[in-house]
Amino acid sequence: CIALFAYIGVLNALKLQRHQLKQLSDETKKQEILRCLEKYDDLIKESLLNHSIIIKIEGHEYDLYKVMTMLYFETTYQQAVKPKDYYVGNKEIQNPFKEGMTFEALGIASLYLLRMSEYIREYKKTSKDSLVVGFYYNKYQNLANRLHTMGYLESDAYTFWEKKLNKDT
């Protein structure tokens with residue numbers, strides 16, 4: 001009887017230890033994902049501010065980051081920033097250097113946004129915490145929408161952001 005109880009105690013200890021290891025592994029994974037999300041958050045901002053691109057709208061000067069992310073520019077950003085197909089095969093670009101930098105910055109930002117969406121998906125699988133997920137969704141919903149509208153963010157990549165925007169997920 002004593003051996004049986006000792007055996008059951010060892011099994012319970014192993015089960016508890018396995019559960020604690022899984023929790024520790026999940027917490028480590030969650031912290032690594034958060035670190036990567038912060039990194040991509042910085043990279044997105046840096047890519048849009050990197051070339052110091054100034055855009056004039058209604059007599060005021062704004063940087064590309066503000067134009068692409070802030071609600072204020074919802075009706076005017078397309079007048080200031082050209083869609084992706086504008087650059088392909090267009091020989092009549094007025095300022096090729098500035099517009100080339102803009103094209104590069106938006107392309108890089110869309111790539112970082114795509115990678116960020118992959119990390120957010122993983123975070124949702126690992127954690128029930130919706131604050132982090134909601135924070136990044138809300139912060140980049142305008143950017144995702146604008147990049148998609150202008151052709152920089154492909155439809156399948158935008159689906160992730162669109163579902164959240166429409167509250168389908």
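**Helix 6 and its neighbours**

Helix 6 is followed by Gly151, a residue with a positive phi near 90°. Helices here are DSSP runs of H or I with at least four residues, strands are E runs of at least two, and both are numbered from the N terminus. This is a predicted model, so local features need pLDDT of at least 70 and side-chain atom pairs count only at pLDDT 80 or more, while totals for chains, interfaces and linings use all residues. Residues are numbered from 1 along each chain as its sequence is written, and side-chain values use heavy atoms, with hydrogens and water left out.

I will stay with helix 6 for a moment. Helix 6 covers residues 130-149, and its 20 residues should span 28 Å at 1.5 Å a residue (1.5 Å times one less than the number of residues). The end C-alpha atoms of helix 6 are 27 Å apart, which agrees. Helix 6 nevertheless has a kink of about 50°, centred on Tyr140; the bend is the angle between axes fitted to the seven residues ending there and the seven starting there.

What caps the N-terminal end of helix 6? Asp129 does, through a side-chain oxygen 3.0 Å from the backbone nitrogen of Leu131. That is a polar contact: N or O atoms within 3.5 Å, one able to donate a hydrogen and the other to accept it within protein, with residues adjacent in sequence counted only if both atoms are side-chain atoms.

Tyr140, the centre of the kink, is also one of the buried residues of helix 6. Buried means under 20% relative accessible area, exposed over 50%, and partly exposed in between, with a 1.4 Å probe and protein chains only. The other buried positions in helix 6 include Val132, Val133, Gly134, Tyr136 and Tyr137 ahead of the kink in the listing, and Asn142, Leu143, Ala144, Arg146 and Leu147 after Tyr140.

Now the packing. Two packed helices are described by the angle between their axes and the distance between the axes. Axes are lines fitted to C-alpha atoms, for helices over the stretch in contact, with angles from 0 to 180 degrees between N-to-C directions.

Helix 1, residues 2-49, packs with helix 6 at an angle of about 15°, and their axes are 12 Å apart. Helix 1 and helix 6 are therefore roughly parallel to each other (under 35 degrees; over 145 is roughly antiparallel, 65 to 115 roughly perpendicular, the rest oblique). Helix 1 passes helix 6 in a left-handed crossing, with the near helix turned anticlockwise from the far one by less than a right angle; clockwise would be right-handed.

Helix 5, residues 96-126, has an axis that comes within 9 Å of that of helix 1, and the two cross at roughly 165°. That makes helix 1 roughly antiparallel to helix 5. Their crossing is left-handed. Between helix 5 and helix 6, the axes come within 11 Å and cross at roughly 150°. Helix 5 is therefore roughly antiparallel to helix 6, and this crossing is also left-handed.

Some residues in helix 1 next. Asp26 lies in helix 1 and is partly exposed, at 27% relative accessible area. Its C-alpha atom is 10.0 Å from that of Lys125, 99 residues apart along the chain. Ile33 lies in helix 1 too. Is Ile33 buried or exposed? Ile33 counts as buried, at 5% relative accessibility. The C-alpha atoms of Ile33 and Tyr158 are separated by 20 Å, with their positions 125 residues apart along the chain.

After helix 1 comes the loop to strand 1, which holds Asn50 and Ser52. Asn50 counts as partly exposed at 49% relative accessibility, and its C-alpha atom is 9.2 Å from that of Met101, 51 residues apart along the chain. Ser52 is not a glycine, yet has a positive phi of about 50°. Ser52 is exposed, with a relative accessible area of 56%.

Glu58 is another non-glycine residue with a positive phi, about 50°. Where is Glu58? It sits in the loop between strand 1 and strand 2, the latter being 60-63. Glu58 counts as exposed, at 60% relative accessibility.

Last, helix 2, residues 64-69, contains Thr69. Thr69 counts as buried at 11% relative accessibility. A polar atom of the Thr69 side chain lies 2.6 Å from the backbone oxygen of Tyr65.
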